[in-house]
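Visitor: I should like to go through this structure term by term and ask what justifies each one. Please begin by showing it.

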Amino acid sequence: AVELVESGGGSVQAGGSLRLYCAVSGSKFCIYTMSWYRQAPGKEREFVSGINSDGRTTYGDSVKGRFTISQDTADKSVSLQMYNLNPEDTAMYYCYREGDYDYNRGRCERDTKYWGQGTQVTVSS
C-alpha cells in the first residue's frame, strides 16, 4: 500500500534551519505532484510548496525565498529545506501525494490522494 512518512522536524531558534523529508513507499507510478502543507493550532491547513512530475516547483507567498523543495528521481522521496525560520513557521508539516495508478481501470488517476501523518516544526523567539 502507498504510504508517506515525514521526518526531520524539531525545535529551533528563530533564524535557524531545518530539512524535512517525505519517504514514499508502495506504488511510485502516476505521481502528478508531491507537496508540503502545514497546519498550526487553531489555523486551517496551508499550502507550503509543491513539485510536479516535470520538476517544476511552486511556493506559498509566506515561504518564497526561504524554503526549497526537491525530489529524488530514483525513490521519489521529497525534501523541504527551510532557512531563516521564524515563529510563524511553527506548525505540523504534512507530505501530500496527488495521483496513483488504478489497476481496475488501467490508467493513472489524478484524484487519488494520500497524506502523511506529519512532522512537528517549532520555532522559538
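Guide: What follows takes the overall fold, the sheet, the disulfides and the salt bridges in turn. Please keep in mind that the model is predicted.

Visitor: What makes up the chain in terms of helices and strands?

Guide: The chain has 0 helices and 11 strands. Read along the sequence, the pattern is accordingly β-β-β-β-β-β-β-β-β-β-β.

Visitor: How do you know that the radius of gyration agrees with that of a compact globule?

Guide: For 125 residues, a compact globule would have a radius of gyration near 14 Å, and the chain has 15 Å, so the value agrees. The C-alpha trace spans about 50 × 25 × 20 Å along its principal axes. Of the 125 residues, 38% count as buried. Among contacts with a separation of 6 or more, 57% come from residues 24 or more positions apart.

Visitor: Which strands form the open sheet, and in what order?

Guide: The open sheet has 4 strands in the order S1-S3-S8-S7, with antiparallel pairing. Strands S1 (3-7) and S7 (67-71) each have a single partner strand, so they stand at the edges, and one side of each is left without a neighbour in the sheet. From one strand to the next, the twist averages 15°.

Visitor: How do you know that S1 and S3 are paired?

Guide: Pairing requires at least two bridges between the strands. S1 and S3 (residues 18-25) are joined by 5 bridges and run antiparallel, so the criterion is met. Glu 6 has Cys 22 in S3 as its bridge partner, and Val 5 has Ala 23. As to the faces of S1, Leu 4 and Glu 6 make up the covered one, whereas Glu 3, Val 5 and Ser 7 make up the uncovered one.

Visitor: Why is the link between Cys 22 and Cys 95 called a disulfide?

Guide: The cut-off is a pair of cysteine sulfur atoms within 2.5 Å. The sulfur atoms of Cys 22 and Cys 95 are 2.0 Å apart, so the pair qualifies. The angle about the S-S bond is -85°, and the link is left-handed. Cys 22 lies in strand S3 and Cys 95 in strand S9 (residues 91-102), so the disulfide ties together parts that are 73 residues apart in sequence. Both Cys 22 and Cys 95 are buried.

Visitor: What makes Cys 30 and Cys 108 a disulfide as well?

Guide: Their sulfur atoms are 1.9 Å apart, and the limit is 2.5 Å, so Cys 30 and Cys 108 also count as a disulfide. Cys 30 lies in the loop between S3 and strand S4 (33-39) and Cys 108 in strand S10 (residues 107-115), so this pair ties together parts that are 78 residues apart in sequence. The torsion about the S-S bond of Cys 30 and Cys 108 is about -60°, so this disulfide is left-handed. The structure holds 2 disulfides, and their pattern is 1-3, 2-4 when bonded cysteines are counted along the chain.

Visitor: Why is Cys 30 called buried? And why is Cys 108 called partly exposed?

Guide: Buried means under 20% relative accessible area, exposed means over 50%, and partly exposed lies in between. Cys 30 has 9%, so Cys 30 is buried. Cys 108 has 31%, so Cys 108 counts as partly exposed.

Visitor: How do you know that Arg 66 and Asp 89 form a salt bridge?

Guide: The relevant nitrogen and carboxyl oxygen must lie within 4 Å. In Arg 66 and Asp 89 the closest N and O atoms are 2.8 Å apart, so the pair is a salt bridge. The pair links distant parts of the chain, 23 residues apart: Arg 66 is in the loop between strand S6 (57-59) and S7, and Asp 89 in the loop between strand S8 (78-82) and S9. At 14% relative accessibility, Arg 66 counts as buried, as does Asp 89 at 1%.

Visitor: Which other pairs meet the salt-bridge criterion, for example with Asp 54 or Asp 100?

Guide: The structure holds 9 salt bridges. Among them, Asp 54 pairs with Arg 56, with the closest N and O atoms 3.4 Å apart; Asp 54 and Arg 56 are both exposed. Asp 100 and Arg 97 meet at 3.2 Å, N to O. Asp 100 has 7% relative accessibility and counts as buried, and Arg 97 is buried with a relative accessible area of 0%. Salt bridges that share partners also join Arg 38, Glu 46, Arg 66 and Asp 89 into one network.

Technical notes: Residues numbered from 1 in each chain as written. Predicted model: local features only at pLDDT ≥ 70, side-chain atom pairs only at ≥ 80, totals over all residues. Heavy atoms only, no water. Helix = DSSP H or I, 4+ residues; strand = E, 2+ residues; numbered from the N terminus. Axes fitted to C-alpha atoms, helices over the stretch in contact; angles between N-to-C directions. Buried < 20%, exposed > 50% of the residue type's maximum accessible area, 1.4 Å probe, protein only. Salt bridge = Lys/Arg side-chain N within 4 Å of Asp/Glu carboxyl O. Rg over C-alpha atoms; globule rule 2.2 N^0.38 Å. Contact = heavy atoms within 4.5 Å.
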